[in-house]
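Let's take a walk through how some helices pack and where a few residues sit. Have the coordinates open alongside.

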Amino acid sequence: MSAAASYTVRDGIAVITMNNPPVNGLGSVLRPGIMDGIKKAGADPAVKALVIIGSAKAFSGGADIREFNTPKMGVPPSLPEINDAQDACPKPMIAAIGGFALGGGLELALGCHYRVAAPKAQLALPEVKLGILPGAGGTQRLPRIIPVTVAIEMMTTGNPIPAEKGKALGLVDEVAPRAILVDRAAALALAIAGGKTPERPGIKVMEKLARP
């Protein structure tokens, strides 16, 4: 494992903790650690589910701007490759979001099956403010779990939404105090591994709109 992404297992839950200050940028030192943790947890029969968590300030601020226009940008794995590993993982994966999840950080969280967020968490795809579009699946994954009109608004304005609004939409499955965020994420992971899944308001809205 990378020093930027620690890996621990407790009560059958693997916890990948991102630690790449100041904002957990998804750079060349952090991406390999996340990938290693996902693969390790997926291959361990003692692990029932995974939790990915960042710091109190940031789950992840997305791409590491310190590596822009440097060879480090191309160091594997890329974020889309991590998303592929998330999709291939046979075990439930929960994002525990403290602080903010922006751009690639939100796309990493979207690659998880469920999301638990602290009350002050902010979620956004702000790439449009730089004149680009989300490049790691955000344009596909976000409209699958919240109403399409809201997803388009998030992508075209880049404005963040708070955790409580995210919960109302179905982007966030549970809001929990930061002090117990990883505990609530672990509890949700165990419940999902046991066959229980939380309801998502956004899915219900989309189903209603799809009815003739």
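What follows covers three helix pairs and three single residues in a predicted model.

## Helices α1 and α2

A quick reminder before the first pair: two packed helices are described by the angle between their axes and by the distance between those axes.

Take α1, which spans residues 31-43, and α2, which spans residues 79-88: their axes come within 10 Å and cross at roughly 10°. With angles under 35 degrees counting as roughly parallel, α1 and α2 are therefore roughly parallel to each other. As for handedness, α1 passes α2 in a left-handed crossing. On the α1 side the contact is made by R31, I34, M35 and I38, and on the α2 side by L79, E81, I82, A85 and Q86. Sort the residues of this contact by class and you get six nonpolar, one polar and two charged.

## Helices α2 and α3

Now turn to α2 and its pairing with α3. The axes of α2 and α3 cross at roughly 15° and come within 9 Å, so α2 is roughly parallel to α3. Here the crossing of α2 past α3 is right-handed. From α2, the residues making the contact are L79, N83, I82 and Q86, while α3 brings G104, E107, L108 and G111. The class split for α2 with α3 is three nonpolar, four polar and one charged.

Some α2 residues turn up in both contacts: L79, I82 and Q86 are listed for the contact with α1, and L79, I82 and Q86 are listed again for the contact with α3.

## A109, inside α3

While you're at α3 (residues 104-111), have a look at A109, which lies in that helix. Is A109 buried or exposed? The relative accessibility of A109 is 0%, so A109 counts as buried. Leaving aside neighbours within four places in sequence, A109 is in contact with F59, A95, I97 and R115. There's also a long-range pairing to check: A109 and L171 are 62 residues apart along the chain, yet their C-alpha atoms are separated by 9.8 Å.

## Helices α4 and α5

The next pair has another geometry to look at. Helix α4 (residues 138-145) and helix α5 (residues 148-157) have axes that come within 8 Å and cross at roughly 145°. The crossing of α4 past α5 is right-handed. G138, T139, L142 and P143 of α4 make the contact with V148, A151, M154 and M155 of α5. And the chemistry of that contact? It has six nonpolar and two polar residues, with no charged ones.

## N20, in a loop

N20 sits in the loop between β2 (13-18) and α1. Despite that loop position, N20 is buried, with a relative accessible area of 8%. What lies 2.7 Å from a polar atom of the N20 side chain? That would be the backbone oxygen of G25. Setting aside neighbours within four places in sequence, the contacts of N20 are A4, G25, G27, V29, L30, D64 and R66.

## E174, in β10

Last stop: E174, found in strand β10 (residues 174-175). E174 has 18% relative accessibility; buried means under 20%, so E174 counts as buried. The E174 side chain makes a polar contact with the side chain of R184, at 2.7 Å. Not counting residues up to four places away in sequence, E174 touches R115, V116, A117, K167 and R184. R115 may ring a bell, as R115 is also among the contacts of A109.

Notes. Residues numbered from 1 in each chain as written. Predicted model: local features only at pLDDT ≥ 70, side-chain atom pairs only at ≥ 80, totals over all residues. Heavy atoms only, no water. Axes fitted to C-alpha atoms, helices over the stretch in contact; angles between N-to-C directions. Helix = DSSP H or I, 4+ residues; strand = E, 2+ residues; numbered from the N terminus. Parallel < 35°, antiparallel > 145°, perpendicular 65-115°, else oblique. Left-handed = near helix turned anticlockwise from the far one by under 90°. Contact = heavy atoms within 4.5 Å. Nonpolar A, V, L, I, M, F, W, Y, C, P; charged D, E, K, R; others polar. Buried < 20%, exposed > 50% of the residue type's maximum accessible area, 1.4 Å probe, protein only. Polar contact = N/O pair within 3.5 Å; in protein donor to acceptor, adjacent residues only side chain to side chain.
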